[in-house]
Amino acid sequence: MIGRSRSPRSSGGTTRARHTVLGTLAGVAALLATGVTAAPASAAPGPGAMAPSAQKSALDFWTPQRMRAATPLDILSVDRSDARASAPRKGKATVVAPSAPVSDVGPMAIPHGGGPWSGGGAVAKTAGRVFFTYQGRTASCSGNAVTSSNKSTVITAGHCVKMQGAWHTNWVFVPGYHDGQRPYGTWAASRTLSTPQWTASEDINYDIGAAVVAPLDGKQLTDVVGGQGLAFNTGYNKAMYSFGFPAAAPYDGEKFIYCSGTTFRDFLLSSDHGLTCNMTGGSSGGPWFTQFDEATGTGLQSSVNSFKYNFLPNAMYGPYFGADAQNLYQSAQSS
């Protein structure tokens, strides 16, 4: 396991939150202090940039053996006395249509607390595993390709691009990963980004990240795997599907897992969506969809797998896609 104890930071003069490391749950390593009230802006332009030489090094680095050995990120425990994080800024409801090709999938059960996705369809190509180096160790998360003007944007969790003040290195995305197979190749990031609030203070309400991946064999990402749609500022209490590649027990990171059901708004320490789901570490950053069509495997990405409370192990939480999530997406697709 990767997690370790760390000193919590205060934000905006508020009460300092207290955290300790747990074992493998959802795979967030997030600081649950009150978030800063940063003005809306794009993510920091410099720290997440990766030179062509670094991209090549990342592709060379990720051998099949290293991928199998990559460890999912641990979760930090949440003390009930922690201060509530800042509420996400809202904006006008906005929808971006999917660009993934339509393909048939078989009917699946809803609600579902966590099991293999056997339906196939577009989601089996757009979603994938994320691999990177964190504090000198190999680690894994999940991510998803989305419709974008640069045809190269991946959405994931903030802690899957930056954690404990440092940007991850050797960052790659493997769409359609399964059983050690990389059917659509390995895509190295040319840039990783996050929301200003996650970048500044790792505010759990803004645990959203993005990556712009470099072309592979002269092709762009969504020309190869398609892109899912997105939805911003569309409210709570929605029927949603969550996907990911959990790698902590009882999972091993080799299978594509999903949960489904009607979400609820977190009533404890965040303004996140909640969903009954038993996915574990490594699923972090996997997509949540509203208006998910089981007949095609397409939907509107509206959140990502972010964290779990240690005292509620069967509930997964994902950040609300509000104005700052939309700004992050615009920054990524414009890169």
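User: Starting with S19, which residue there is the bridge partner of leucine 275?

Analyst: In this predicted model, the bridge partner of leucine 275 is methionine 316, which belongs to S19. The two strands concerned, S16 and S19, pair in the antiparallel sense, and the pairing runs over 4 bridges.

User: What sheet is that part of, and in which order do the strands come?

Analyst: The sheet is an open one formed by 3 strands, which come in the order S15-S16-S19 with antiparallel pairing. Strand S15 (264–265) and strand S19 (315–318) are the edge strands, each of them pairing on one side only.

User: And over how many bridges do S15 and S16 pair?

Analyst: S15 and S16 pair over 2 bridges, again in the antiparallel sense. Phenylalanine 264 stands opposite glycine 274 in S16, while arginine 265 has histidine 273, also in S16, as its bridge partner.

User: Switching to cysteines, how many disulfides turn up in the whole structure?

Analyst: A search of the whole structure finds 2 disulfides, and when the bonded cysteines are counted along the chain they follow the pattern 1-2, 3-4.

User: Which cysteine is joined to cysteine 141, and where do the two sit?

Analyst: Cysteine 141 is joined to cysteine 160, with an S to S distance of 2.2 Å. The pair links distant parts of the chain, 19 residues apart, since cysteine 141 is in strand S5 (residues 137–145) and cysteine 160 is in the loop between strand S6 (153–156) and strand S7 (162–163).

User: Left-handed or right-handed?

Analyst: The link of cysteine 141 and cysteine 160 is left-handed, with -80 degrees about the S-S bond.

User: Are those two cysteines buried or exposed, and why?

Analyst: Cysteine 141 counts as buried because its relative accessibility is 1%, and cysteine 160 counts as buried because its value is 0%; the cut-off for buried is under 20% relative accessible area.

User: OK, what about cysteine 259 and cysteine 277, how far apart are their sulfur atoms?

Analyst: The sulfur atoms of cysteine 259 and cysteine 277 are 2.1 Å apart, and the two residues form a disulfide. Cysteine 259 lies in strand S14 (residues 257–262), whereas cysteine 277 lies in the loop between strand S16 (273–276) and strand S17 (287–293), so this disulfide ties together parts that are 18 residues apart in sequence.

User: Which handedness does that disulfide have, and why?

Analyst: The torsion about the S-S bond of cysteine 259 and cysteine 277 is about 65 degrees, so that disulfide is right-handed. As for burial, cysteine 259 counts as buried at 0% relative accessibility, and cysteine 277 counts as buried at 1%.

User: New topic: which residues touch the most other members in the largest nonpolar core?

Analyst: The largest nonpolar core has 37 residues, and those touching the most other members are Phe132, Trp171, Phe173 and Leu221. There is also a second, separate core of 19 residues, which includes Met67, Ala70, Phe131 and Tyr177.

User: Last one, serine 149: where is its place, and what is it in contact with beyond its sequence neighbours?

Analyst: Serine 149 is in the loop between S5 and S6, and it counts as exposed because its relative accessibility is 57%. Leaving aside neighbours within four places in sequence, serine 149 is in contact with Gln333 and Ser334, and a polar atom of its side chain lies 2.8 Å from the backbone oxygen of glutamine 333.

User: And how far is serine 149 from serine 335?

Analyst: Serine 149 and serine 335 are 9.2 Å apart in space, C-alpha to C-alpha, although 186 residues separate them in sequence.

Key: Residues are numbered from 1 along each chain as its sequence is written. This is a predicted model: local features need pLDDT of at least 70, side-chain atom pairs count only at pLDDT 80 or more; totals for chains, interfaces and linings use all residues. Side-chain values use heavy atoms; hydrogens and water are left out. A disulfide is a pair of cysteine sulfur atoms within 2.5 Å. Buried means under 20% relative accessible area, exposed over 50%, partly exposed in between (1.4 Å probe, protein chains only). Two strands pair if DSSP finds at least two bridges between them. A nonpolar core is a set of buried Ala, Val, Leu, Ile, Met, Phe, Trp, Tyr and Cys residues joined through side-chain atoms within 4.5 Å. Contact means heavy atoms within 4.5 Å. A polar contact is a pair of N or O atoms within 3.5 Å; within protein, one must be able to donate a hydrogen and the other to accept it, and residues adjacent in sequence count only if both atoms are side-chain atoms.
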